[in-house]
Amino acid sequence: MNPRRKKRMAVLLVVVLGLSVMTGLVLYGLQQNIDLFYTPTELVEGKGDDKIKPQVGERLRIGGMVVPGSVSRDQESLLVSFGLVDAGGEEVTVVFEGILPDLFREGQGIVAQGHLEDARTITAFEVLAKHDEEYMPPEVAEALKGIEHVKPEYTPEQLEGSRS
């Protein structure tokens, strides 16, 4: 091999090695920010054909409907817990400390992002409520097929108060 070819080969190897290292570092950095989406049934029974369940402490997103009558608020703090269900019938508990979105209510579709505490409990650091009755993320819409949306009922006083 002549010296010119050796030099080209060395440059090519350095470029390929550099790209490989850069790709590895990007994938390693993204690994910490990937949140897998689960429904309550997938969380309890496992996801996919292999029925893979997340590990305790794993960061994840979960979506479903807030179970009517399940919202429990701590009187001393902003701690709230509520049940979450999907069309599969499994129920999980979401614990959240903070201010819930204005659109949050029982019977409403939500997505919570947090860490798995045990097989049926998620400690959320973010709770998102869907913004209208028409739009829903595709994952949540698929998970909630067959569950009826509960429309909020307002008292005459609430309706009168919103007009003034």
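Colleague: Which side chain does E90 meet in a salt bridge?
Modeller: Keep in mind that this is a predicted model. As background, side chains of opposite charge can pair when their charged atoms come close. The structure holds one salt bridge. Its N to O distance is 2.9 Å, and the partner of E90 is R120.

Colleague: How many residues apart are E90 and R120?
Modeller: Look at the two loops. E90 is in the loop between β4 and β5, while R120 is in the loop between β6 and β7. So the pair links distant parts of the chain, and the separation is 30 residues.

Colleague: Does E90 count as buried or exposed?
Modeller: We need a cut-off here: buried means under 20% relative accessible area. R120, its partner in the salt bridge, has 36% and is partly exposed. E90 has 19% relative accessibility, so E90 counts as buried.

Colleague: OK, zooming out, what pattern does the protein follow along the sequence?
Modeller: Start with the parts list: four helices and seven strands. Now put them in order, reading along the sequence, and you get α-β-α-β-β-β-β-β-β-α-α.

Colleague: Which strand gives the largest share of the largest nonpolar core?
Modeller: In soluble globular proteins, nonpolar side chains tend to be buried together. Here the largest nonpolar core has 21 residues, and I62, F82, L84, I110 and V127 touch the most other members. Elements supplying at least two residues each include α2 (40–45), β2 (59–66) and β4 (79–85), along with β5 (91–97), β6 (109–118) and β7 (121–129). With four residues, the largest share comes from β7.

Colleague: Which residues of β6 (109–118) does I62 contact?
Modeller: Leave aside the neighbours of I62 within four places in sequence. The contacts that remain include F37, Y38, L43, L84, V92 and I122. The list also has three whose numbers fall in the range of β6 (109–118): I110, V111 and A112.

Colleague: What sits over the ring of Y38?
Modeller: Y38 is one of the residues in contact with I62. At 4.9 Å from the centre of the Y38 ring there is a charged end, and that end belongs to K47.

Colleague: What is the phi of K51?
Modeller: Most residues other than glycine have a negative phi. K51 is found in the loop between α2 and β2, and is partly exposed, with a relative accessible area of 48%. Although K51 is not a glycine, its phi is positive, at about 55 degrees.

Colleague: How far apart are the C-alpha atoms of E58 and I122?
Modeller: E58 lies in the loop between α2 and β2 and counts as partly exposed, at 24% relative accessibility. Beyond its neighbours within four places in sequence, E58 is in contact with L36, Y38, G114, H115 and L116. E58 and I122 are 64 residues apart along the chain, yet their C-alpha atoms are separated by 9.8 Å.

Colleague: And what is the C-alpha to C-alpha distance from T93 to T123?
Modeller: T93 is in strand β5 and is partly exposed, at 32% relative accessibility. Not counting residues up to four places away in sequence, T93 touches S81, F82, R120, T121 and I122. T93 and T123 are 30 residues apart in sequence, and in space the distance is 8.6 Å.

Notes. Residues are numbered from 1 along each chain as its sequence is written. This is a predicted model: local features need pLDDT of at least 70, side-chain atom pairs count only at pLDDT 80 or more; totals for chains, interfaces and linings use all residues. Side-chain values use heavy atoms; hydrogens and water are left out. A nonpolar core is a set of buried Ala, Val, Leu, Ile, Met, Phe, Trp, Tyr and Cys residues joined through side-chain atoms within 4.5 Å. Buried means under 20% relative accessible area, exposed over 50%, partly exposed in between (1.4 Å probe, protein chains only). Contact means heavy atoms within 4.5 Å. A charge sits over a ring if NZ of Lys or CZ of Arg is within 6 Å of the ring centre and within 35 degrees of the ring normal. A salt bridge is a side-chain nitrogen of Lys or Arg within 4 Å of a carboxyl oxygen of Asp or Glu.
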